[in-house]
Amino acid sequence: MGGVRNMNVKVHITNKKAVKFVLIASMMIFLIVGVILVCSGLWFKNYDKGVKERCTESVQAVVDGYQSSDSRHSDGTYSTSYFPVFKYTYDGIDYTEQSNYGSGEPKYSKGDVVEIRVNPNDATEFFNPSDRSDIVYNVLIGIGLSFILIVVVVSFGVYLINKRRKELEDRFN
């Protein structure tokens with residue numbers, strides 16, 4: 001009988017170690033993903049800020065059409081993003097450029113006139129002030145911070161549980 005009892009204790013200890021390992025591994029994954037998302041969001045924000053600082057010349061562009069991009073999701077469904085293509089003239093030179101920002105539905109009709117801002121040193125670089133590019137990096141930063149917050153809250157909860165367990169063990173032993 002005693003051997004079985006020791007075996008149960010050993011299994012309990014092994015399971016406790018496995019749970020601890022899984023918890024630590026999960027928290028590390030959440031922390032790493034959170035940091036990567038925050039860093040990516042900050043990088044995109046900084047890049048976007050640089051583009052906006054460089055693109056100072058306002059021009060009228062005509063929507064020439066769209067480039068579409070299909071994405072396959074993990075559940076097997078597809079979605080399409082539409083990236084407007086703009087035609088514009090700057091400093092006597094004609095340009096046709098695709099926007100870096102797309103949407104799930106075409107935002108403009110072909111022939112619409114849109115004010116964009118171009119880089120006077122490289123007129124192929126532009127941004128559309130009506131694009132909501134800040135949503136992309138704010139979502140990345142927000143999700144990343146949420147992951148990091150989950151790690152902090154769970155870690156603090158585990159700390160409090162272990163502290164309380166130690167107090168109870170000290171009281172009853």
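**Exercise 1.** Let's start with the largest pocket: work out which helix gives the most to its lining, and with how many residues.

*Solution.*
Step 1. H1 gives the most, with 7 residues. Keep in mind that this is a predicted model.
Step 2. Now place the helices along the chain. H1 covers 2–54 and H2 covers 134–172, and each of these helices supplies at least two residues of the lining.
Step 3. Look at the middle of the pocket. Of the 13 lining residues, Lys20, Leu23, Val158, Asn162 and Arg165 lie nearest the centre.

**Exercise 2.** Sort the lining of the largest pocket by class, and give the pocket's volume.

*Solution.*
Step 1. Count by class: the lining has 7 nonpolar, 2 polar and 4 charged residues.
Step 2. For the volume, write down about 370 Å³.

**Exercise 3.** Move on to the second largest pocket and find which residues lie nearest its centre.

*Solution.*
Step 1. The lining is made of 15 residues.
Step 2. Pick out those nearest the centre: Tyr101, Gly102, Ser103, Asp131 and Arg132.
Step 3. Add the volume, which comes to about 220 Å³ for the second largest pocket.

**Exercise 4.** Say where the largest share of the second largest pocket's lining comes from, then split that lining by class.

*Solution.*
Step 1. Find the elements involved: strand S2 (78–90) and H2 each supply at least two lining residues.
Step 2. S2 takes the largest share, with 3 residues.
Step 3. Finish with the classes: 8 residues are nonpolar, 4 are polar and 3 are charged.

Methods:
Residues numbered from 1 in each chain as written. Predicted model: local features only at pLDDT ≥ 70, side-chain atom pairs only at ≥ 80, totals over all residues. Heavy atoms only, no water. 1 Å grid on protein atoms, 1.4 Å probe; cavity = no way out; pocket = protein on both sides within 12 Å on 5 of 7 lines; lining within 4 Å. Points joined across faces, edges and corners; volume = space filled by probe spheres on them. Helix = DSSP H or I, 4+ residues; strand = E, 2+ residues; numbered from the N terminus. Nonpolar A, V, L, I, M, F, W, Y, C, P; charged D, E, K, R; others polar.
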